[in-house]
Amino acid sequence: NAPDGLAMDDHFHLLLQVRDRVPVVCVGEEADLAFLVRALQPGEKATGFDVHVVSPAAWSPAALQRALVVFVCNALPLPGPAVVDLERLLRTGGVVVIYPGDRAGPADYAALPWLPAAPQRIVDVRSGEGRRTLRLRRSNDPIFDGLKLPPGVVPTLAVRRYLEVGPLAAGAEVLVSMEGDVPFLLARSVERGRVVLFTVAADRSWSNWPLTPLYLPLAHQLARHGAALVREPLWVWLEPELRVPAMPGGTPDKLVAPDGTTISVRTAQGADGSSYAVVENLREPGMYSVEEPGGVRRPCLAVNLDRRESDLKVVDASTIPQRLGVRSVAVVRSREELGRKIEELRVGRPMAEWILWLALLVGVAEFMFANRVSRRTAPKQMKWIVEPSGRVRPAEAME
């Protein structure tokens, strides 16, 4: 904003927190999670997922402290606190993926009322009838964004056992089905989160699903989908006691204010069991940092005064270059437009149209130059001589 009588609010501080690795929790025994963990962390190359394995018998509330996606693989029935923690994750925004197994019967799913459909029974497929073709029912679902199969590829499974489900719950959908319209992958939105239910196990005990080409990319898609559902608050009102979400890397004991003074920070727990940081006596706007070993300060909180004169309307796209101080900015408003812009930057724009325009400009310039030169050249004139006999003859040509 323009300078005014209150000089303290003429500066706007912004701190953007990003994640370089998506926290994923896999609940189950080691044998049940072998294929899934390997798919999320193939080889030594970093995949962007921070995978944490939890045994159902060793469950603790800290297991889902920073998780965005939880895979439950043949881990039912879960203890009561674990079910409460999963419900809290769905309320705040996240994905819970349920894989069935031999350990749980249909009655064990009754403790999870937010499933897309209630399991009815476990069906054993007779020998020779287990080949099933998968069919995508909801290709526009966010889970499948960017996931494409090569032309002519039809995914098939060799199924020995699957979980039969009842009618769909409110808001539930069948995303992928097997031959005969048997649900294979179901999903349902629950408050700000989403529940995904497979009807085959995560290992090879029920089918060859872990050996198919879709197993690994779909696991990655589900993990990224969970990260996309989380919406951290962009701002909070400044008060004498400020409550902020748990900070990345853990909540520090103290913060360093812009003027160098130290401010204490304490951790509290809300009624829903979620933890947050409480910062007191924030009296100065600016960047508040955490002092790490070696005297290095890492910014972790930006404080601005309540500026009532600020204009919070949507920024006009034509004013963005001026606000950022750059010559040009590419503004996109849809996923498809973003893909086209990225493709143009990666491959380049076609130059045929520009070359035709250049040839036209060169032709016009050449025509104008030739016309001007021709006007400067004096035409030749003929002189005629009339002899006394009346004969007219041309004289020598002269300039």
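Accessible areas are obtained with the Shrake-Rupley method and a 1.4 Å probe, and for residues only the protein chains shown count as cover. On that basis the accessible surface of the protein chain comes to about 25400 Å², and carbon and sulfur atoms account for 55% of this surface. This is a predicted model, in which local features need pLDDT of at least 70 and side-chain atom pairs count only at pLDDT 80 or more, while totals for chains, interfaces and linings use all residues. Residues are numbered from 1 along each chain as its sequence is written, and side-chain values use heavy atoms, with hydrogens and water left out.

**Overall composition**

- The protein chain has six helices and 20 strands; helices (H or I, at least four residues) and strands (E, at least two) are DSSP runs numbered from the N terminus.
- Of the 399 residues in the protein chain, 36% are buried, where buried means under 20% relative accessible area, exposed over 50% and partly exposed in between (1.4 Å probe, protein chains only).
- Contact means heavy atoms within 4.5 Å; among contacts between residues at least 6 apart in sequence, 64% join residues at least 24 apart.

**The eight-stranded sheet**

- An open sheet of mixed pairing is formed by eight strands in the order β2-β1-β3-β4-β12-β11-β10-β7; two strands pair if DSSP finds at least two bridges between them.
- The edges are occupied by β2 (49-54) and β7 (135-136), each with a single partner strand, so one side of each is left without a neighbour in the sheet.
- Helix α1 (residues 30-40) packs on the sheet and touches β1 (22-27), β2 and β3 (69-73); the direction of α1 makes about 165° with that of β1.
- Helix α2 (residues 80-92) also packs on the sheet, touching β3, β4 (95-99), β11 and β12 (193-198), and its direction makes about 135° with that of β4.
- For these angles, axes are lines fitted to C-alpha atoms, for helices over the stretch in contact, and angles run from 0 to 180 degrees between N-to-C directions.

**Strand β11 and its two hairpins**

- Strand β11 (residues 182-190) pairs with strand β10 (residues 172-178) in the antiparallel sense over six bridges, and Pro-183 in β11 is the bridge partner of Ser-177.
- Three residues lie between β10 and β11 in their hairpin, where Gly-180 in the turn has a positive phi of about 85°.
- β11 and β12 run antiparallel and are joined by six bridges; Leu-185 stands opposite Phe-198 in β12.
- The hairpin of β11 and β12 has two residues between the strands, and Glu-191 in its turn has a positive phi of about 55°.
- Eight of the nine residues of β11 are buried.

**Aromatic pairs**

- The structure holds five aromatic pairs; rings of Phe, Tyr and Trp (its six-membered ring) pair if their centres lie within 6.5 Å, with planes under 30 degrees apart counted as stacked, over 60 as edge-to-face and the rest as tilted.
- The ring centres of Phe-184 and Trp-209 are 5.1 Å apart and the planes stand at 80°, so this pair is edge-to-face.
- Phe-184 lies in strand β11 and Trp-209 in the loop between β12 and α3 (215-229), so the pair ties together parts that are 25 residues apart in sequence.
- Trp-209 also forms an edge-to-face pair with Tyr-215, at 5.5 Å centre to centre and 75° between the planes.
- Phe-184 and Trp-209 are both buried; the relative accessibility is 1% for Trp-209, and Tyr-215 is buried at 4%.
- Ring pairs link Tyr-99, Phe-184, Phe-198, Trp-209 and Tyr-215 into a cluster.
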